[in-house]
Amino acid sequence: MHVPEAGSIARRIPLIWRAAAAALVLCGAIGMLVESRARILRSGSEVRLRTAPVDPRDLFRGDYVILSYDISTLDLNGLQGDREFSRGEQVQVQLAPDPEGFARPVGIYRTRPTGSGDVFIDGRIISTGACPRAEDGRIDCSRDRNGVRIAYGLESYFVPQGSGLAIERTERKRIEVVAAVAPSGQPAIKRLLIDGKLVHAEPPY
């Protein structure tokens with residue numbers, strides 16, 4: 001008994017039906033990504049993040065803002081968890097609110113510990129041996145270089161076309177980001193504020 005090859009069967013299907021099937025698969029994949037992000041925004045734990053200075057050449061590119069955070073550079077001294085990390089390694093950063101309600105790091109782990117009620121946010125090590133931040137948020141290389149730089153996927157924020165000039169000219173210490181963090185640790189930017197006033201809010205869809 002001769003069994004037709006898959007390629008032979010596919011060639012017998014009219015092109016329009018093959019194109020329609022491919023479009024449905026693509027739309028389904030996009031829909032899943034959109035719904036995944038919407039679920040984070042709807043039900044994720046909210047954390048307030050202080051922004052930190054970045055290279056002025058990178059403040060604004062087209063219609064998205066480049067952001068850095070106090071939690072982008074961590075001093076491993078005084079944090080709970082693991083100590084040795086490699087570039088590109090995935091980590092979970094444990095966050096707790098400071099007296100003003102902003103998120104501060106209290107631990108960094110390769111694997112999330114059980115039994116903690118704090119928020120854990122997914123991150124990726126982008127460099128080791130970094131200079132830690134001082135209390136004013138600026139990089140301080142006068143101390144031991146026991147810091148790591150981490151990317152959380154929150155470093156680029158798209159804004160409506162032509163509306164980024166005010167953000168571009170604003171001191172980063174005046175900007176606050178409210179992020180939603182899913183139980184899995186995946187984050188998404190929910191709101192951007194300047195001097196406590198709402199500038200942009202991310203729609204759920």
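Two strands count as paired if DSSP finds at least two bridges between them. Helices (H or I, at least four residues) and strands (E, at least two) are DSSP runs, numbered from the N terminus. With those terms in hand, here is a tour of the fold.

## About the model

This is a predicted model, in which local features need pLDDT of at least 70 and side-chain atom pairs count only at pLDDT 80 or more, while totals for chains, interfaces and linings use all residues. Residues are numbered from 1 along each chain as its sequence is written, and side-chain values use heavy atoms, with hydrogens and water left out.

The pLDDT is the predictor's confidence in each residue, from 0 to 100. The protein chain averages 79, and 70% of the residues score at least 70. Take care with residues 55–61, where the pLDDT is below 50. Beyond near neighbours in sequence, that stretch has 12 contacts in the model, a contact being heavy atoms within 4.5 Å.

## The six-stranded sheet

Six strands make an open, mixed sheet in the order β5-β10-β9-β7-β8-β6. The edges belong to β5 (73–75) and β6, each with a single partner strand, so one side of each has no neighbour in the sheet. At one edge, β5 pairs with β10 (residues 147–151) in the antiparallel sense over three bridges, and T73 has R149 of β10 as its bridge partner. At the other, β6 (residues 80–81) runs parallel to β8 over two bridges, with G81 matched to I108.

Strand β8 also pairs with β7 (residues 90–97), this time antiparallel and through six bridges; here Q94 stands opposite G107. The hairpin of β7 and β8 has five residues between the strands, and in it G101 takes a positive phi near 95°. Five of the seven residues of β8 (residues 103–109) are buried, so the strand is largely enclosed by the rest of the structure. Buried means under 20% relative accessible area, exposed over 50%, and partly exposed in between (1.4 Å probe, protein chains only).

## The five-stranded sheet

A further open sheet has five strands in the order β4-β1-β12-β13-β14, with antiparallel pairing. Its edge strands are β4 (68–69) and β14 (197–201); each has a single partner, so one side of each is left without a neighbour in the sheet. Six bridges join β1 (residues 45–52) and β12 (residues 175–181), and E46 has A180 in β12 as its bridge partner.

Just outside the strands, T170 lies in the loop between α3 (165–168) and β12. T170 is buried, at 9% relative accessibility, and touches I175 and I194, leaving out residues up to four places away in sequence.

## Nonpolar cores

A nonpolar core is a set of buried Ala, Val, Leu, Ile, Met, Phe, Trp, Tyr and Cys residues joined through side-chain atoms within 4.5 Å. The largest one has 32 residues, and those with the most contacts inside it are L49, L74, V93, I108 and I150. Strands β1, β7, β8, β9 (119–130), β10, β12 and β13 (187–194) each supply at least two residues of this core, and β12 gives the largest share, four residues. A second, separate core of five residues includes I40, L41, A182 and A188.

What does I150 contact, leaving aside neighbours within four places in sequence? Its partners include L74, V91, V93, I108 and I125, along with R124 and E155.
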